[in-house]
Amino acid sequence: MKTVEINLYKFAELEETAKEKAIEEHGNFLQEIGVDQENEDGTMETVFDCPTKEEVIDNISINEYYFFFDGT
């Protein structure tokens, strides 16, 4: 049997360069999947705008994502 240990880190534990990589990659992901928004007429629409850095960080924090040491 082989035992493998994998270290995962919370966003706050990452080094600055790893945080930037995580923000960039997760921001690209969020842009690809889009965000559902309600229009003035009450219908829903998926918007594929580029999220702000703060929106990406909030999304990472809310979902409690874990990362490898390099931010991937």
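This is a short dialogue on reading a helix and a nonpolar core in a predicted model.

Biologist: Let's start with the core. Which residues make up the largest nonpolar core?

Modeller: The general idea is that in soluble globular proteins, nonpolar side chains tend to be buried together. Here the largest such core has 9 residues: Phe-11, Leu-14, Ala-18, Ala-22, Ile-23, Leu-30, Val-56, Ile-60 and Phe-67. Two or more of them come from each of helix H1 (16-33) and helix H2 (53-63), with H1 giving the largest share, 4 residues.

Biologist: OK, on to H1 then. How many residues does H1 have, and what span does it reach?

Modeller: H1 runs for 18 residues, and its first and last C-alpha atoms are 26 Å apart, close to the 26 Å expected at 1.5 Å a residue. Just after H1 comes Gly-34, with a positive phi near 75 degrees.

Biologist: And which residues of H1 are buried?

Modeller: Look for residues under 20% relative accessible area. In H1 those are Ala-18, Lys-19, Ala-22, Ile-23, His-26, Gly-27 and Leu-30. They sit on the same side of H1, because they cover an arc of only 160 degrees around the axis. Flip to the face turned away from that buried side and you'll find the exposed residues Thr-17, Glu-24 and Glu-32.

Biologist: What do the buried residues of H1 pack against?

Modeller: Their packing partners are H2 and strand E4 (66-67). For a close-up, try Val-56: leaving aside residues up to four places away in sequence, Val-56 touches Ile-23, His-26, Gly-27, Leu-30 and Pro-51.

Conventions. Residues numbered from 1 in each chain as written. Predicted model: local features only at pLDDT ≥ 70, side-chain atom pairs only at ≥ 80, totals over all residues. Heavy atoms only, no water. Core = buried A, V, L, I, M, F, W, Y, C linked by side-chain atoms within 4.5 Å. Buried < 20%, exposed > 50% of the residue type's maximum accessible area, 1.4 Å probe, protein only. Contact = heavy atoms within 4.5 Å. Expected span 1.5 Å × (residues − 1). Arc of directions from axis to C-beta.
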